[in-house]
Amino acid sequence: MTENEKRSATDLTNGFDTPLHVGQLNLPSVDAFEVAFKGIFARQFFTNHGPLEQELDAALASYFGVRHAVSVVNGTVALMIALQTLDLRGEVIVPAFTFPATVQAIAWAGLTPVFCDVDPHTQTITAPLAAAAITANTVAILGVHVWGRAADPDGLELLARERGLKLVFDAAHAVGCTSRGRLIGGFGDVEAFSFHATKILNGFEGGCITTNDDGLAARIRVARSFHADDDAGASILRLNAKISEAQAAMALLSLDHLDQWTEDNRHRYERYRRELQGIPGLYFIDYCAGERSNYQSVVLRICEEELGMPRDHLLRILESKNILARKYFSPGVHNIPPFCDLSTKELPVTDELCRTLIQLPTGQMVSDRHIAIVCATIRAAVSA
Ligand SMILES: *Cc1c(COP(=O)(O)O)cnc(C)c1O
């Protein structure tokens, strides 16, 4: 039993002494990391496309089953470069129900975000929703695979082809997830992943861009480094987006643990479901039985009337016990500056999701005992 669990030893609803956060923290052994770090010191090759970056790019391409994986410094920059190297001018259709970085990347790439509502069941954009948002200025669609569930890749690929649009996916939640049995990473023109410490594949910070387009991959590799080795990509706007050897070492070790961490996440997700079963007004986000998922997030929709209290009231009770469950995503990106200044149509489904979803803590730091405490606290709160 950890220190944090002792306080709850007698009464599961006493909460924790130190905060229990939502973000994943999946860590390889510190010994393995020390060995990798000693290698970096021995080679004195710390960044600038060192051997670990090259090993990571090859390992990621093989893992995702794509022709090219290009690792970069973080997931936001991965999206920015993916969009920038498509060489577009105009509007990009994007859900407002996403992490702010998705939309920030569009703006940094010099493009204009146009918000689109999401499907209430999948919480992602779909081809019909995106089609309705197309204007004469639309040049691309950016789908977000929320919670690791695919954003209608078949429908959007067809729509993009028919309408001559580029198709990009924010796959930050979707390492190791499938759509119709195909691994996310190979859909659309290009996909972008995050290796932030709170995601299932931890590189401290980090990200990668995956594509099967050889020309685009070559432009992406030019763009990620400010240093011109040759003038092959002379016209491409570059920036320093290199992943360091330390990040690459961490990401490589994490990749080795991915199957185990996925299995552990699934165990936690199912345990939450079991322990909260029967409470009216709590609905878990489901995962499709035929697909692979990383179970990176444990998300529930709260029905205020059935639960007998507003979502935010439940969150405050949990917070008072040091359980830092989160509203996710809230507010929607259409309601935060500077994007709230864009003229946006009504997004009723997005608004409803922002009002009703909560995310519970998971990842390697969360034990069965932690889950028992969180669930007992929720039970006590709603029956009080
Ligand atoms: C984490 C995240 C990002 C940003 O990734 P960083 O590596 O933190 O820059 C983008 N989109 C979504 C959906 C995310 O969850």
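**Entry 1: the ligand site**

I started with the ligand and found that the space it takes is the largest pocket. For my own record, a pocket is an open set of points on a 1 Å grid over the protein atoms alone, with protein on both sides within 12 Å along at least five of seven lines. A molecule sits in a pocket if more than half of its atoms lie within 2 Å of the pocket's grid points.

Before going on, I noted that this is a predicted model, where local features need pLDDT of at least 70, side-chain atom pairs count only at pLDDT 80 or more, and totals for chains, interfaces and linings use all residues. Residues are numbered from 1 along each chain as its sequence is written, and side-chain values use heavy atoms, with hydrogens and water left out.

Which elements give two or more residues to the shell around the ligand? I found helix H4 (75-84) and helix H5 (100-108). Helices (H or I, at least four residues) and strands (E, at least two) are DSSP runs, numbered from the N terminus.

I then listed the neighbours: of the 13 residues around the ligand, Gly 75, Thr 76, Asp 170, Ser 194 and Lys 199 come nearest. A residue is near the ligand if one of its heavy atoms lies within 4 Å of it. By class, the shell has three nonpolar, eight polar and two charged residues. In that scheme Ala, Val, Leu, Ile, Met, Phe, Trp, Tyr, Cys and Pro are nonpolar, Asp, Glu, Lys and Arg are charged, and the others, Gly among them, are polar.

**Entry 2: polar contacts to the ligand**

Next I looked up polar contacts, meaning pairs of N or O atoms within 3.5 Å; within protein, one must be able to donate a hydrogen and the other to accept it, and residues adjacent in sequence count only if both atoms are side-chain atoms. The side chain of Asp 170 has an N or O atom 2.7 Å from a nitrogen atom of the ligand. Ser 194 brings a side-chain N or O atom to 2.7 Å from a ligand oxygen. For His 173, a polar side-chain atom lies 3.0 Å from an oxygen atom of the ligand.

How much of the ligand's accessible area does the protein cover? I have 93% of the 380 Å² that the ligand has on its own. Those areas come from the Shrake-Rupley method with a 1.4 Å probe.

I stayed with His 173 a little longer. It lies in the loop between strand S5 (166-170) and strand S6 (178-179). His 173 is buried, with a relative accessible area of 8%; buried means under 20%, exposed over 50%, and partly exposed in between (1.4 Å probe, protein chains only). I also noted that His 173 and Ala 150 are 23 residues apart in sequence and 9.7 Å apart in space, C-alpha to C-alpha.

**Entry 3: the two shell helices**

Is H4 enclosed or open to the outside? Eight of its ten residues are buried, so H4 is largely enclosed by the rest of the structure. The buried set is Gly 75, Val 77, Ala 78, Leu 79, Met 80, Ile 81, Ala 82 and Leu 83. At the start of H4, I saw a side-chain oxygen of Asn 74 within 3.0 Å of the backbone nitrogen of Thr 76.

In H5 I picked Ala 107. Ala 107 counts as partly exposed because its relative accessibility is 38%.

**Entry 4: backbone oddities**

A reminder to self: most residues other than glycine have a negative phi, and most peptide bonds are trans. I went looking for departures from this.

Asp 87, not a glycine, has a positive phi of about 60°. It is in the loop between H4 and strand S2 (91-95), and its 56% relative accessibility makes it exposed. Asp 152 has a positive phi too, near 45°. This one lies in the loop between strand S4 (138-144) and helix H7 (153-163) and is partly exposed at 25%.

Where are the cis peptide bonds? One runs from Tyr 328 to Phe 329, with omega near -10°. Another joins Ser 330 and Pro 331, with omega about -5°. Phe 329 lies in the loop between strand S12 (326-327) and H12, and Pro 331 is found in the loop between S12 and H12.

**Entry 5: towards the later residues**

I closed with helix H12 (residues 348-356), where Thr 356 is found. Thr 356 counts as buried at 9% relative accessibility, and a polar atom of its side chain lies 2.7 Å from the backbone oxygen of Glu 352. In strand S13 (residues 357-360) I checked Leu 360, which is buried at 0%.

Terms used:
On a 1 Å grid over the protein atoms alone, a cavity is a set of points where a 1.4 Å probe fits but cannot get out, and a pocket is an open set with protein on both sides within 12 Å along at least five of seven lines; lining residues have an atom within 4 Å of a point.
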